[in-house]
Amino acid sequence: MATLQDIVYSASINLLSAIFFLLAFAILRLQPINDRVYFPKWYLKGIRASPTHSRASVSRFVNMDFRTYIRFLNWMPAAWRMPELELIDHAGLDSVVYIRIYLMGLKIFVPITILAFAVLVPVNWTGGTLERFKDLTFSDIDKLSISNIPPGSQRFCAHVLMSYVFTFWTLYVIYKEYKTTAVMRLQFLASESRRPDQFTVLVRNVPPDPDESVAEHVEHFFCVNHPDHYLSHQVVYNANNLANLVERKKTLLNWLTYHQNKYERNPSSKPTTKTGFCGLWGTRVDAIDYYTTEIEKLTEEEDKERERVINDPNAVVPAAFVSFRTRWGAAICAQTQQTSNPTIWLTERAPEPRDVYWDNLAIPYVELTIRRLLVAVALFFLIFFFMIPIAFVQSLASIEGIEKVFPFLKPIIEMKSIKSLVQGILPGIALKIFLVLLPIILMIMSKIEGFTSLSSLDRRSAVKYHLFLLVNVFVGSIVTGTAMDQLKTFLSQSATEIPKIIGVSIPLKATFFITYIMVDGWAAIAAEILRLVPLIMFHLKNTFLVKTDQDREQAMDPGCLDFATSEPRVQFYFLLGLVYAAVTPLLLPFIIVFFAFSYTVFRHQYKGSWKIDTAACRTSCSDNMVSCILQRAF
């Protein structure tokens with residue numbers, strides 16, 4: 001069991017790690033050689049030029065103006081000062097709504113923390129129950145929790161009252177935030193220009209007709225059923241071979257541009273290349289003439305393949321994008337059943353072109369239903385059986401667990417500094433490492449389910465990940481003991497006793513969740529702003545792979561937020577804060593630090609680094625409602 005000293009030790013380590021990441025970021029972002037890594041959106045928009053072009057020698061790579069190092073933290077106030085309307089124009093509404101989730105966390109937990117420390121902490125500290133048990137091992141943290149209140153004491157009235165106050169305050173903040181977000185969305189829709197996807201519906205499972213092609217069948221159906229609003233349609237083709245030809249042509253065009261630029265810089269020497277694989281062997285020929293000829297050949301093949309796809313009835317997929325004259329007509333079609341048979345003519349709002357997941361457009365209705373049923377069963381077993389290895393890993397992430405499995409390490413881990421490290425940091429790191437592969441598995445499961453847009457795949461993966469965190473990380477971690485002890489406890493008790501077991505275990509696991517918050521919510525967020533992986537990848541690509549400006553733009557791709565993992569993580573912290581607010585208030589300051597730090601970091605990332613992501617944040621309010629329900633249950 002981690003003591004207050006272990007928590008202080010862990011907080012010091014994680015704060016130092018966060019400060020190190022921030023200092024490294026503050027220094028690296030000032031270097032001209034890293035400018036495209038930390039400000040890629042400004043380059044892609046053409047409003048920022050490379051600082052290395054107009055400089056010479058060392059200053060092309062290293063910032064020699066030492067005055068800028070004095071203001072190395074100016075990115076924080078710059079991120080705070082950026083108005084929301086400007087941030088919407090710069091990063092999109094979804095990004096601003098996501099950032100407001102962290103602001104909502106501050107609005108909820110700052111007043112709750114003040115009230116909990118003013119009312120509940122004195123009540124818990126003066127309870128005196130733990131000190132009456134001579135053989136009971138406890139720490140100062142336990143004396144600040146509800147565990148220090150004797151059973152049947154009237155002091156519990158304070159906890160019950162505060163639980164209701166916390167719940168009503170959370171619901172009020174959620175209501176106000178939802179109202180604000182709804183107004184922002186309406187204003188955004190009213191101010192932005194019209195987009196084709198707003199007037200378009202995706203139609204799947206178009207039934208075959210022996211007398212008409214798919215295109216004719218779609219046009220006939222919507223002319224009859226939506227005569228006043230139907231405008232046009234575009235059927236979907238299976239053009240994978242054509243797509244491969246287009247990609248090959250892009251690659252050749254890029255090589256042609258590279259050699260043309262090379263020739264312009266040195267007209268006295270014409271560039272050459274070999275005709276073999278990747279130019280490594282074969283006959284040496286003029287590079288510009290060779291790539292020009294190859295592009296012409298590919299263009300002819302591309303035209304022939306396009307003509308074949310259009311004229312081949314087997315290449316037509318039973319799906320189409322149908323456009324309407326008005327948004328109202330598209331909305332009515334997307335939200336209504338088109339025929340008495342619910343398995344055909346399936347309609348939904350069309351995603352943006354960049355958001356379409358083309359692989360799932362042709363899945364039949366029956367197969368779609370079977371897929372989702374199988375994925376639901378697989379998710380159940382994944383969650384259930386994943387609890388066993390997680391519990392086993394958690395048992396090894398404690399002093400007792402390590403000494404039991406590796407008794408020869410006992411003299412080492414009993415050292416004061418090593419013991420504080422194991423109890424204060426190791427549990428959170430062990431759980432974090434164990435969850436690395438989970439998002440990939442959940443995304444594959446979401447793709448199997450057959451969703452037709454990348455944003456819907458993100459949202460479904462986020463729902464699965466949130467459920468996993470709730471069942472395995474929260475419920476699984478708060479049950480004490482080793483993996484087999486936990487399994488034995490659940491199997492030996494009736495179903496009605498399981499909530500009581502969990503309720504008793506919640507205060508005892510507060511220290512574990514505090515360490516987890518510091519590892520995942522402090523150090524990990526600070527590491528995010530450093531963008532270490534994009535920094536390394538950009539310099540590797542820029543050194544070995546970049547040949548043209550197009551290659552450089554691809555190398556500095558800003559990427560976007562991983563919504564499928566980030567949003568469930570935020571909701572998990574909401575859950576921890578609401579559940580532990582009346583049980584162990586000491587956890588709340590760590591939650592506040594996470595929300596404040598994340599709000600600052602993500603505001604900066606959307607301002608300069610990340611591009612707009614298409615995943616909407618509509619799940620946040622509903623997940624917070626779940627957290628409130630669980631708080632009342634526990």
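A residue counts as buried when its relative accessible area is under 20%, a cut-off worth keeping in mind throughout this tour of a predicted model.

Begin with N205, whose relative accessibility of 13% falls under that limit, so N205 counts as buried. This residue is found in the loop between β1 and α10 (214-225), and its phi is near 55°, a positive value in a residue other than glycine. Most residues other than glycine have a negative phi. Now select W345, in the loop between α13 (327-334) and β6, which also has a positive phi of about 55° although it is not a glycine. At 4% relative accessibility, W345 counts as buried.

Before going further, zoom out to the whole chain, where the secondary structure comes to 28 helices and six strands. Of its 634 residues, 47% count as buried, and among contacts with a separation of 6 or more, 79% are between residues 24 or more positions apart. The accessible surface of the chain comes to about 32200 Å², with 64% of it belonging to carbon and sulfur atoms.

Next, select strand β1 (residues 200-204), where five of the five residues are buried, so the strand is largely enclosed by the rest of the structure. Viewed along the strand, T200, L202 and R204 point one way, while V201 and V203 point the other way. Add strand β5 (residues 316-324), which pairs with β1 in the antiparallel sense over five bridges, and look for V201 standing opposite V322 in β5. Then add strand β6 (residues 346-349), which runs antiparallel to β1 and is joined to it by four bridges; here V203 stands opposite T347.

For the interior, display the largest nonpolar core, which has 105 residues, and within which F474, L576, Y580 and F595 are those with the most contacts. Helix α7 (residues 93-125) gives the most to this core, with 17 residues. Apart from it lies another core, of 16 residues, and among them are V201, V218, V235 and C333, so V201 of strand β1 can be revisited in this setting.

Turn now to the surface and select L373, V377, F380, F381, F384, F385 and I388, which form a nonpolar patch with about 680 Å² of accessible area together. One of these residues, F380, has its place in helix α14 (residues 365-396) and counts as exposed, at 53% relative accessibility.

The last stop is the charged side chains. Side chains of opposite charge can pair when their charged atoms come close, and the structure holds 18 salt bridges. In helix α12 (residues 287-311), E305 and R308 lie three residues apart, about one turn of the helix, and their side chains meet in a salt bridge at 2.7 Å, N to O. Which of the two states, buried or partly exposed, applies to E305? With a relative accessible area of 13%, E305 is buried, whereas R308, at 38%, is partly exposed.

In helix α11 (residues 240-265), K250 and E247 are likewise three residues apart, and the closest N and O atoms of their salt bridge are 3.9 Å apart. Here K250 is partly exposed at 44%, and E247 is partly exposed at 46%. Moving on to R354 and E352, their side chains meet in a salt bridge at 3.1 Å, N to O, with E352 partly exposed at 24%. Finish by selecting E84, R100, K107 and E177, which are linked in a network of salt bridges.

Conventions. Residues numbered from 1 in each chain as written. Predicted model: local features only at pLDDT ≥ 70, side-chain atom pairs only at ≥ 80, totals over all residues. Heavy atoms only, no water. Helix = DSSP H or I, 4+ residues; strand = E, 2+ residues; numbered from the N terminus. Buried < 20%, exposed > 50% of the residue type's maximum accessible area, 1.4 Å probe, protein only. Contact = heavy atoms within 4.5 Å. Areas by Shrake-Rupley, 256 points an atom, 1.4 Å probe, with all protein chains shown as cover. Patch = residues over 30% accessible without salt bridge, like charges linked within 9 Å, V, L, I, M, F, W, Y side chains within 5 Å. Salt bridge = Lys/Arg side-chain N within 4 Å of Asp/Glu carboxyl O. Core = buried A, V, L, I, M, F, W, Y, C linked by side-chain atoms within 4.5 Å. Pairing = 2+ DSSP bridges.
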